[in-house]
Every structure is written in structure tokens, then in C-alpha cells.
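This report goes through one protein chain, beginning with its charged pairs and moving on to its sheets, its helices and its nonpolar interior. Please keep the sequence and the coordinates at hand while reading.

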Amino acid sequence: MASAPQPQLPLFYKDLLPLNSRDHADWKAGTLESAAHLAATHAVPLTADEFVDAQRDFPIVFTTGENSVPIALFGLNEGVNTFVGPDNKITEAIYLPAYVRRYPFILAKLQPGSEDMSLCFDPSVGVIGKREEGLPLFDDQGQPTDYTKGVLEFCRRFEEAGQRTKLFMEELAKLDILIDGEIAITRNDMPDKPFVYRGFRMVDENKLRELSAETLEGLAKNGMLVLIYAHLFSLGLMRTIFERQAAQGRLPIPTAGEAAPALN
């Protein structure tokens, strides 16, 4: 079984195989019980469709550089996820981004230059294979089962949301309201050693206020203004995530005036 072309695999994925009835006719899908793939991930890609739900649990910021994308922060430092416990279980009821929920499946292009996408999966996670228990991927006639059709539909809708997110980011760029972000958090027991987080982008509220009434009305009508404010409201959770890290004993110890590396 040939793996799909994978010059650079997406976050979480260690390998990709295209799902097909010839090789996987009698394979079944089990339940992904472990969040080990998420445990060392502090930032997860987020679609614009998810902003309103995600802003209740995570800060939403934007990556730096070209092709900036929204991300939900599960932690403020590289390798720190404050919502996954030592047992590799998610510790509480939170909104899980669609990027996380689709794993180990993904729609991928099998041929360079082709726009056709095939349903693939990561075989390394071990929940899909020849097993006694689980949900069949194909029926006796070699046709996709309802489970497989549901997975394919979920992945298809995720790709569509990704396209809407791309358009959202292009509009933000046209408005020129994104700035390089910086958050400084000081602990009472370390007043001279602030934790300074950089390496992300955010909407500048001053630039947002300076937009014309006509532009703001247009943003309200097309739904972008709600998303922008969901992002801005979510930034208040930076301190909450910081306190979660502190309670878990997972904060770096900066020297005076030194920035704690994170978010990039």
C-alpha cells in the first residue's frame, strides 16, 4: 500500500495512506482514546467558522509571516498544552477545533498539480486497521459505509471552512488592521521578571475604530465584525492560560527583561 505523497506532513500526521476498498475492504475504525498527538502542541489551526465557539476556551491569535492563519492557543509556550493531562487525556470539557477532531483522517492531493483530493488517514496512530471491533469502512459490496461517508463529509466541510478562512485573512490584510502582538504578564512573586509573549499577530483595536462607518457596516453585514470581536474578546484568556501553566508548574523562568519564547 503506497503512502500518499508527503513532502511535508501537516501537524499531528506522521504518515498518510489513501483509503480505498481494495486494500482496506475489511478494515475497521476504532475510537481515538488518547490525545497523545495533542499533548505537546500549544497551538492548533482554527477556521474562522469556529471563532465564536473557540473564544470561550482559548485565546485566538494569528501566525506571523506570509499566509497567516488563525490559531487557538492551548498553552503559551512551545510544547505546553494545558488541557492534556499526564495520562494523555483531555482534562475537561472544551471546544475541540475541527482540525483536531478530523484526525487521523484528512483530504489530501495524491498527484502534484492536481486539484483532486482523496480521503487519507494516518496509519501510525493505530486506530484504523484489521481489528475485531470497530466501525467498518466499507460494506460487502466494497462501497463506503455511512461512517466513512460521514468522515468524508466532515473533511470536505473542513476544507470549505478553510477556504472561507483564507478569504477572511485576505480581507484582514486589505483592511491593514493586523499588528505584531505582545503580551506582558507579571506575577506578584516576580514583579521584576515579566513574562513577555511575542511571535503572533492580532487586530489593533485603534485601527479597527479608525475604519470608516461604511467599512464597519460592510464588516457587520458580511459577518466579519463578529469574528473580529470574538478574536479580541478571546485575548483576555491569555492570562487564564498563563495561570493554568503556572498551576501545572510549566512556566519558563525568564531573567529580568527577557522575553519568554512562545507562540511562534
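## Charged pairs across the chain

E182 is partly exposed, with a relative accessible area of 47%. The model is a predicted one, and in it E182 forms a salt bridge with R198, the closest N and O atoms lying 2.9 Å apart. R198 is itself partly exposed, at 40% relative accessibility. The two residues sit in separate loops, with R198 between β12 (190-197) and β13 (201-203) and E182 between β10 (178-180) and β11 (183-187), and they are 16 residues apart.

Two further pairs each combine a buried residue with a partly exposed one, although the roles of acid and base are exchanged between them. In one of these pairs, R101 forms a salt bridge with E50, with 3.7 Å between the closest N and O atoms. R101 belongs to helix α3 (residues 98-101), whereas E50 lies in the loop between β3 (43-45) and α2 (51-54), so that the salt bridge links parts of the chain 51 residues apart. E50 counts as buried at 4% relative accessibility, while R101 is partly exposed at 41%.

In the other pair, R102 forms a salt bridge with E159, and here too the closest N and O atoms are 3.7 Å apart. Because R102 lies in the loop between α3 and β6 and E159 in helix α4, the pair ties together parts that are 57 residues apart in sequence. R102 is buried, with a relative accessible area of 5%, and E159 is partly exposed at 24%.

The three pairs are set out below.

| Salt bridge | Closest N and O atoms | Separation in sequence |
|---|---|---|
| R198 and E182 | 2.9 Å | 16 residues |
| R101 and E50 | 3.7 Å | 51 residues |
| R102 and E159 | 3.7 Å | 57 residues |

In total, the count of salt bridges comes to 14. E153, R156, R157 and E160 are linked in a network of such bridges.

## Two open sheets

The protein has eight helices and 13 strands. One open sheet consists of three strands in the order β1-β7-β6, paired in the antiparallel sense. Since β1 (17-18) and β6 (105-109) stand at its edges with a single partner strand each, one side of each is left without a neighbour in the sheet. Helix α4 (residues 146-175) packs on this sheet, where it touches β6 and β7, and its direction makes about 60 degrees with that of β6.

Within the sheet, β6 and β7 pair over five bridges, and L107 has L119 in β7 as its bridge partner. On the other side of the pairing scheme, β1 and β7 (residues 117-121) are joined over two bridges, with P18 standing opposite C120. Is β6, as an edge strand, largely enclosed or left open by the rest of the structure? Four of its five residues are buried, and therefore β6 is largely enclosed.

A second open sheet, also of three strands, runs in the order β8-β2-β9 with antiparallel pairing. Its edge strands are β8 (128-129) and β9 (135-136), each of which pairs on one side only. Strand β2 (residues 28-29) and β8 pair over two bridges, and the bridge partner of K28 in β8 is G129.

## The nonpolar interior

In soluble globular proteins, nonpolar side chains tend to be buried together. The largest nonpolar core here has 62 residues, and those with the most contacts inside it are F168, L172 and I228. A second, separate core of 14 residues includes L19, L119, I128 and C155.

Apart from its neighbours within four places in sequence, L172 is in contact with F62, I177, L178, M224 and I228. M224 and I228 are among the buried residues of helix α7. Because eight of the 11 residues of α7 (residues 224-234) are buried, this helix is largely enclosed by the rest of the structure.

## The chain as a whole

Of the 264 residues of the protein, 44% count as buried. Among contacts between residues at least 6 apart in sequence, 70% join residues at least 24 apart. The C-alpha trace spans about 65 × 50 × 30 Å along its principal axes. The accessible surface comes to about 14,000 Å², and 51% of it belongs to carbon and sulfur atoms.

Technical notes: Residues are numbered from 1 along each chain as its sequence is written. This is a predicted model: local features need pLDDT of at least 70, side-chain atom pairs count only at pLDDT 80 or more; totals for chains, interfaces and linings use all residues. Side-chain values use heavy atoms; hydrogens and water are left out. Two strands pair if DSSP finds at least two bridges between them. Contact means heavy atoms within 4.5 Å. Axes are lines fitted to C-alpha atoms, for helices over the stretch in contact, and angles run from 0 to 180 degrees between N-to-C directions. Buried means under 20% relative accessible area, exposed over 50%, partly exposed in between (1.4 Å probe, protein chains only). A salt bridge is a side-chain nitrogen of Lys or Arg within 4 Å of a carboxyl oxygen of Asp or Glu. A nonpolar core is a set of buried Ala, Val, Leu, Ile, Met, Phe, Trp, Tyr and Cys residues joined through side-chain atoms within 4.5 Å. Accessible areas come from the Shrake-Rupley method with a 1.4 Å probe; for residues, only the protein chains shown count as cover.
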